[in-house]
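Subject: Structure handover

Hello,

Here is the structure I promised to pass on. Please open it first, then read my notes below.

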Amino acid sequence: MNKISVIIPAYNAEGTIERALLSVIRQEGAFNFEIIVIDDGSSDSTADKVSRFAQGQNIDIDLVMQANTGVASARNAGIRRSSGQYIAFLDADDEWLSDKTRKQMTFLANSDYFVVGGGYQNRFISADSRDDHIHVTYQKQLMKQYFQPSTVILRKEVFNHIDGFSEGRRYSEDALFFYYVTHQFKSAVLRDNVINYADDKHPYASGAGLGSKLWKMESGELSNYTELMDKKLITMSKYFFLVAFSLLKFFRRLFISKIYKLRMKNGGRNER
């Protein structure tokens, strides 16, 4: 049976790490999971919670302790230690739905795709679509971020050609990684939701998490386009187009963030 290495970066995640781990061992079907948790310099009881969970569930968890160097470094450390034929990512504040692995591994086994993600918060669900997935080309990925890391399973051989996540980067490093992935490998996302995303918080307007730091995220994205142009993966004209389009999206997100916060202050509901 193929092994799936589950890479879980964790920083001060004592409140959510057990839920994330539980979602892995409760996956439908018979799968051989290798669970690797990288504690990225936590100052709380994250590591203790992981050790106690492993003991209580009578399972092996590879717990790696490192100084706080960011999620990119943590994911890379997990990839280097992995021994599975497949790699799956899970952020410590996310939770896999119980049928995630079954759906995605079935998809990979019956297709020539190397990478498959999935939906969250109904992002890809469409009443008028007959397809159960979206084929994500490099050009599509340049225009829209299709991959949230916790949704992704990919064949490990991808890392024979791509080094991993850009270390030292704390913003938009996952977007850069998936630009490289989609440039070289056939990739898709399932339309179905496959995770519960961080207690259903708004992805960038909630005031929590890296995604809420809008300008830092935007600066990271603009740096991504510069790197792609320097490596001749986009033309100069494409670069200027992407920068302009990205800035338009940034101002839209800034506006939505302000509206969201006003609604939350007044007891309203999320707007996406």
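**Helix pairs**

Start with helix H1 (residues 17-25) and helix H2 (residues 46-57): their axes come within 9 Å and cross at roughly 35°. Bear in mind that this is a predicted model. The crossing of H1 and H2 is right-handed. On the H1 side, the contact is made by Ile-17, Glu-18, Leu-21, Leu-22 and Ile-25. H2 brings Thr-46, Lys-49, Val-50, Phe-53 and Gln-57. Sorted by class, the contact of H1 with H2 holds 6 nonpolar, 2 polar and 2 charged residues. One general point helps in reading such lists. An α-helix has 3.6 residues a turn, so residues three or four places apart point the same way.

Another pair is H6 and H7. Their axes come within 9 Å and cross at roughly 30°. This crossing is right-handed. H6 supplies Ala-175, Leu-176, Tyr-179 and Tyr-180 to the contact. From H7 come Glu-221, Asn-224, Tyr-225, Glu-227 and Leu-228. The contact of H6 with H7 divides into 6 nonpolar, 1 polar and 2 charged residues.

**The cores**

Which residues have the most contacts inside the largest nonpolar core? They are Leu-154, Tyr-225 and Leu-228, in a core of 40 residues. Tyr-225 and Leu-228 also appear in the contact of H6 with H7. Several elements give two or more residues to this core: E2, H3, E4, strand E7 (133-136), helix H5 (138-143), H6, helix H7 (214-230) and helix H8 (236-265). The largest share, 7 residues, comes from H6. Apart from this core lies another, of 33 residues. Among them are Ala-10, Val-24, Val-194 and Ala-198.

Leu-154 deserves a look on screen. Leaving aside neighbours within four places in sequence, Leu-154 is in contact with Gln-85, Tyr-86, Ile-87, Phe-89, Phe-114, Val-115, Phe-159 and Phe-177.

**Helix H3 and Arg-81**

Is helix H3 (residues 71-81) largely enclosed or largely open? Of its 11 residues, 9 are buried, so H3 is largely enclosed by the rest of the structure. The buried ones are Val-71, Ala-72, Ser-73, Ala-74, Arg-75, Asn-76, Ala-77, Gly-78 and Ile-79. They pack against strand E1 (3-10), strand E2 (32-40), strand E3 (61-66), strand E4 (86-89) and helix H6 (173-184).

Arg-81 lies in H3 too. Arg-81 is partly exposed, with a relative accessible area of 44%. Not counting residues up to four places away in sequence, Arg-81 touches Glu-34, Ile-36, Asp-62 and Val-64. With Asp-62 there is a polar contact between side chains, at 2.9 Å. The C-alpha atoms of Arg-81 and Ile-7 are separated by 9.5 Å, and these two residues are 74 residues apart along the chain.

**Ser-150**

Last, a loop residue. Where is Ser-150 found? It sits in the loop between H5 and strand E8 (153-155). Ser-150 is buried, because its relative accessible area of 0% is under the 20% cut-off. The side chains of Ser-150 and Asp-94 are joined by a polar contact of 2.7 Å. Beyond neighbours within four places in sequence, Ser-150 is in contact with Phe-89, Leu-90, Asp-91, Asp-94, Trp-96, Lys-100 and Ile-195. Phe-89 is also in contact with Leu-154.

Best wishes

Methods:
Residues numbered from 1 in each chain as written. Predicted model: local features only at pLDDT ≥ 70, side-chain atom pairs only at ≥ 80, totals over all residues. Heavy atoms only, no water. Buried < 20%, exposed > 50% of the residue type's maximum accessible area, 1.4 Å probe, protein only. Helix = DSSP H or I, 4+ residues; strand = E, 2+ residues; numbered from the N terminus. Contact = heavy atoms within 4.5 Å. Axes fitted to C-alpha atoms, helices over the stretch in contact; angles between N-to-C directions. Left-handed = near helix turned anticlockwise from the far one by under 90°. Nonpolar A, V, L, I, M, F, W, Y, C, P; charged D, E, K, R; others polar. Core = buried A, V, L, I, M, F, W, Y, C linked by side-chain atoms within 4.5 Å. Polar contact = N/O pair within 3.5 Å; in protein donor to acceptor, adjacent residues only side chain to side chain.
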